[in-house]
Amino acid sequence: MRQVRVKGFKIFSDRHGKMRCYHRKTGHKIDLQKTPLGSAEFFAECETIRAITEAQKAKAPKAGTLGELIKSYIDTEHFQNLAAATRRDYRRCADFLEPIKDTPVHVIDTPLVSGIHDKAAEKIGWRRANMVRTLLSEVFRYNIPKGLITSNYAKDVIPKRRPRGKTYANRPWSIEEQEVVLSHAKPHVRVALALMMNTGLDPSDALKLRKDQIDGNTIWGVRGKTGEEIAIPISPTLQAALNRIPEHEAETVLGNSRGEAWTYNGFSTVWHRFKTALEKEELIASGLTLKGLRHTVATTLREAGLDERRIADLLGQKTPSMARHYSRSANLADKNRETMATLEKEIERRTKTVKPSEKSVKPDQNEDKA
């Protein structure tokens, strides 16, 4: 058998006498059963692997460029520990910046970043433009200690404001909308919505909540987006809803119609279909979102007179601190018990609407005679 050699590939006989071949740089193996060594198919496979490798190399960010800074940040532990939704949003922002990835670091300054911010607002809207600004701020902040850039040039760029008259993406639900949705929802959907309505939990956190995170009358956990510990007392209304959860074997508190743990995409799909059906029947107005329930809790408590700090404590909106101990959370739970009591009373007050009497009021006959 004649010896075959291909630049960049290692071809050898293993300890069993079987011929093997792989690309040295990438470790990509070639199946010599499908493409016999020395055949036209074999050389074509080698050329394909080599072409893919060169294309990936060309696509890789160059040293000393914006692309390298972004890649350096994405490789950090900080980025990997962000919530999945946040990582996804940041990657979309990185895709937007892809056309200017070869921008040299030495030309980056605040006016340039401001211009990028303005262009983003024109092309992808004010909200995502602000996210691009936030990503660049994080990229610069984490690369300064590495010596790859000297300053955070995004810090002084002013965020875009919401356009005047534009409605909020996650508006609060009215008490009537909550009642209609709960009364029409199927049991496994109803309890999920009730959990979000009565705790202010983010939808993704509510769906991931495990049974062992409920201890007595308190929900213990960590907010997925910030890493902040939460301690939420269970109100009587929420307890009544939890008592009606259909039995299932999942380790999570909530389960779908098959008795399995919900996925975020799965619940979102079910919710969208359910909401659309209610809108078509004109039972609810458009604009209801799952995240809007979190806004509903915050708005209800704010209107009831609670200060922003207490509301933030309940919703887990503090700056993340991994050094916090459960003893501190226990104190927070005691304080939040009063907060939840306020929420319960306010919901009850809003539910009890005074209905006018249908009885007509006729003038006093004696009065007319007088």
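A residue is taken as buried under 20% relative accessible area, as exposed over 50%, and as partly exposed in between. In the predicted model described here, Lys160 has a relative accessible area of 27% and is therefore partly exposed. This residue lies in the loop between helix H6 (126-143) and H7. When residues up to four places away in sequence are set aside, Lys160 touches His117, Asp118, Ala121, Trp126 and Asn130. With one of these residues, Asp118, the side chain of Lys160 makes a polar contact, side chain to side chain, at 2.4 Å. His117, another residue touched by Lys160, is separated from Lys160 by 43 residues in sequence, while the C-alpha atoms of the two are 8.6 Å apart in space.

By the same cut-offs, Gln178, a residue of helix H7, counts as buried, because its relative accessibility is 9%. Its contacts, again without residues up to four places away in sequence, are with Trp173, Met197 and Thr296. Gln178, Met197 and Thr296 are also among the residues that line the largest cavity.

Three cavities of 30 Å³ or more are found in the structure, and the largest cavity holds about 70 Å³ of space. Besides the residues already named, its lining includes Ser174, Ile175, Val297, Thr300, Leu343, Ile347 and Arg350. At least two residues of this lining are supplied by each of helix H7 (175-184), helix H12 (291-303) and helix H14 (326-351). In terms of residue character, the lining of the largest cavity consists of five nonpolar residues, four polar residues and one charged residue.

The largest pocket, in turn, contains about 2,000 Å³ of space. It is lined by 49 residues, of which Ala85, Thr86, Asp89, Lys225 and Lys291 are the closest to its centre. Helix H4 (84-96), H6, helix H9 (203-208), E4, helix H11 (264-280) and H12 each contribute at least two residues to the lining of this pocket, and the largest share, seven residues, comes from H4. The lining of the largest pocket divides into 18 nonpolar, 16 polar and 15 charged residues. Helix H12 thus appears in the description of the pocket lining as well as in that of the cavity lining.

Turning to the strands, an open sheet of three strands is present, with the order E3-E4-E5 and antiparallel pairing. Strand E3 (214-215) and strand E5 (229-233) stand at the edges of this sheet and have a single partner strand each, so that one side of each is left without a neighbour in the sheet. Strand E4, which spans residues 218-222, pairs with E5 in the antiparallel sense over five bridges. Within this pairing, Ile219 has Ile232 of E5 as its bridge partner. Strand E4 also belongs to the elements that supply at least two residues of the lining of the largest pocket.

A further antiparallel pairing joins strand E1 (residues 9-13) to strand E2 (residues 19-23), over five bridges. Here Phe12 stands opposite Arg20 of E2. The two strands, E1 and E2, form a hairpin in which five residues lie between them, and Gly17, located in the turn, has a positive phi of about 85°.

Note on methods
Residues numbered from 1 in each chain as written. Predicted model: local features only at pLDDT ≥ 70, side-chain atom pairs only at ≥ 80, totals over all residues. Heavy atoms only, no water. 1 Å grid on protein atoms, 1.4 Å probe; cavity = no way out; pocket = protein on both sides within 12 Å on 5 of 7 lines; lining within 4 Å. Points joined across faces, edges and corners; volume = space filled by probe spheres on them. Helix = DSSP H or I, 4+ residues; strand = E, 2+ residues; numbered from the N terminus. Nonpolar A, V, L, I, M, F, W, Y, C, P; charged D, E, K, R; others polar. Pairing = 2+ DSSP bridges. Buried < 20%, exposed > 50% of the residue type's maximum accessible area, 1.4 Å probe, protein only. Contact = heavy atoms within 4.5 Å. Polar contact = N/O pair within 3.5 Å; in protein donor to acceptor, adjacent residues only side chain to side chain.
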